[in-house]
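Work through the exercises below with the sequence and the structure side by side. Try each task before reading its solution.

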Amino acid sequence: MTALAKYAAREKTSKGRAYTEPGPGPRGQYQRDRDRIIHSSAFRRLEYKTQVFVNHEGDMFRTRLTHSLEVSQIGRTVARSMRLNEDLTEAICLAHDLGHTPFGHAGQDALNKCMQEYGGFEHNLQSLRVVDQLEEKYAGFPGLNLMYETREGILKHCSIRNARTLGDLGLRFINRLQPGLEAQIANFADEIAYNNHDVDDGLRAGLLSFDQLCSCDLFREQYEYVMGTWQGLDLKRLRHELIRRMINKVVVDLIKTSTAMITEHDLSDIEDVRDAGRPLICLGAGVMRRHKQLKQFLHKNLYRHERVLKMSGEAKGVITILFNGYMHDTSSLPAEVRSDIERSSGKHREQAKARVIADYIAGMTDRFAISEARRLG
Ligand code: MG
């Protein structure tokens, strides 16, 4: 195995775990984090959560689970080729969406609205809450007790108000520091993965067309190349050839540009990364423009497509019925959730109750949320 670059995250300089534990035996500490994430309940539930298309719409579309696996594939490629910490990158990528509600962004928006008076709901913060508190897997501590750098990567953004409640981990937002390079890679890998798989799913669902997509330079350039090189390709092979070329184009540029940027900054260690004043994992101007153009295209033409909006509207209804139903009558909640509510006392009782209910709803799969809303409604 090639040695890690000096500015990579490493166990020796890590800020470690909140609860001290014996060493991980044959594994590295970040491998151990990845394994804990894979064995978590929240990770398994990603299989039945929406990415863009509601999970039961068809079984050929991406779910949060397959999305997370694709993010991790891209992240690992970039990390390994830059001699950064691949295990840490993989752990962050696999965990980055653990806090997502059912029904994707529509679900999060609805839950955030329901939670307005009780501190709001934010999926990124929720991912951290899942690994820090909600997973019940160990006798000795709550959550998964992950390494600082893994948690740092999971918390991609955070308001200053929330940052003040997060101790050490929140300081970076208050002091405007950057996260480690592995976290920065996971961030980009997420965008590269969804930009491309949403084109794939959008085409297959018939919500996007090749013609329409040719208004995006990244797509059109590959389309012209593939059509000029292979005549008479069937649509399936054409689509796959295009997607893999688009991913490759962006990933190769990301590695090249970031490597040059790191050389320019002359980094000695991960603290230099944190102090760099800007993210060092980045795309060159030309590819960045193409990448953004495609992202904007998808916002306009796919995420706001009337069929997607219709699903989103229904999803919001489901979340609202659940939240109001449980707040009004906690007897419809499972005993375990009710006892969590009963444990939370004091003057912020309503707020604590709402948080337990939000945690419960956020953990649901799409289909369970729908059947629960039918039962309550
Ligand atoms: Mg994601």
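## Exercises on salt bridges and a metal site

**Exercise 1.** In this predicted model, Asp 200 forms a salt bridge with Arg 239, with 2.8 Å between the closest N and O atoms; find which helices the pair ties together.

Solution. Begin by locating the partners: Asp 200 lies in helix 10 and Arg 239 in helix 13 (residues 235-265), so the pair ties together parts that are 39 residues apart in sequence. Then turn to accessibility, where both Asp 200 and Arg 239 are buried.

**Exercise 2.** Decide whether Glu 221 is buried or partly exposed, and do the same for its salt-bridge partner Arg 290.

Solution. The closest N and O atoms of Glu 221 and Arg 290 are 2.8 Å apart. The pair joins helix 12 (residues 217-229), which holds Glu 221, to helix 15 (residues 285-301), which holds Arg 290, and these parts are 69 residues apart in sequence. Buried means under 20% relative accessible area, so Glu 221, at 25%, is partly exposed, whereas Arg 290, at 17%, counts as buried.

**Exercise 3.** Identify the protein donors of the magnesium ion and their spacing along the chain.

Solution. The donors are His 67 (NE2), His 96 (NE2), Asp 97 (OD) and Asp 190 (OD), at 2.1 to 2.6 Å from the ion, and along the chain they follow the spacing H-x28-H-D-x92-D. Among them, His 96 sits in the loop between helix 4 (86-95) and helix 5 (104-114), while Asp 190 belongs to helix 10 (residues 181-204), 94 residues apart. Finally, check burial: His 96 is buried at 9% relative accessible area, and Asp 190 is buried at 8%.

Note on methods: Residues are numbered from 1 along each chain as its sequence is written. This is a predicted model: local features need pLDDT of at least 70, side-chain atom pairs count only at pLDDT 80 or more; totals for chains, interfaces and linings use all residues. Side-chain values use heavy atoms; hydrogens and water are left out. Donors are N, O and S atoms within 2.8 Å of the metal (3.2 Å for Na, K and Ca); water is not among the atoms, so sites may look incomplete. Helices (H or I, at least four residues) and strands (E, at least two) are DSSP runs, numbered from the N terminus. Buried means under 20% relative accessible area, exposed over 50%, partly exposed in between (1.4 Å probe, protein chains only). A salt bridge is a side-chain nitrogen of Lys or Arg within 4 Å of a carboxyl oxygen of Asp or Glu.
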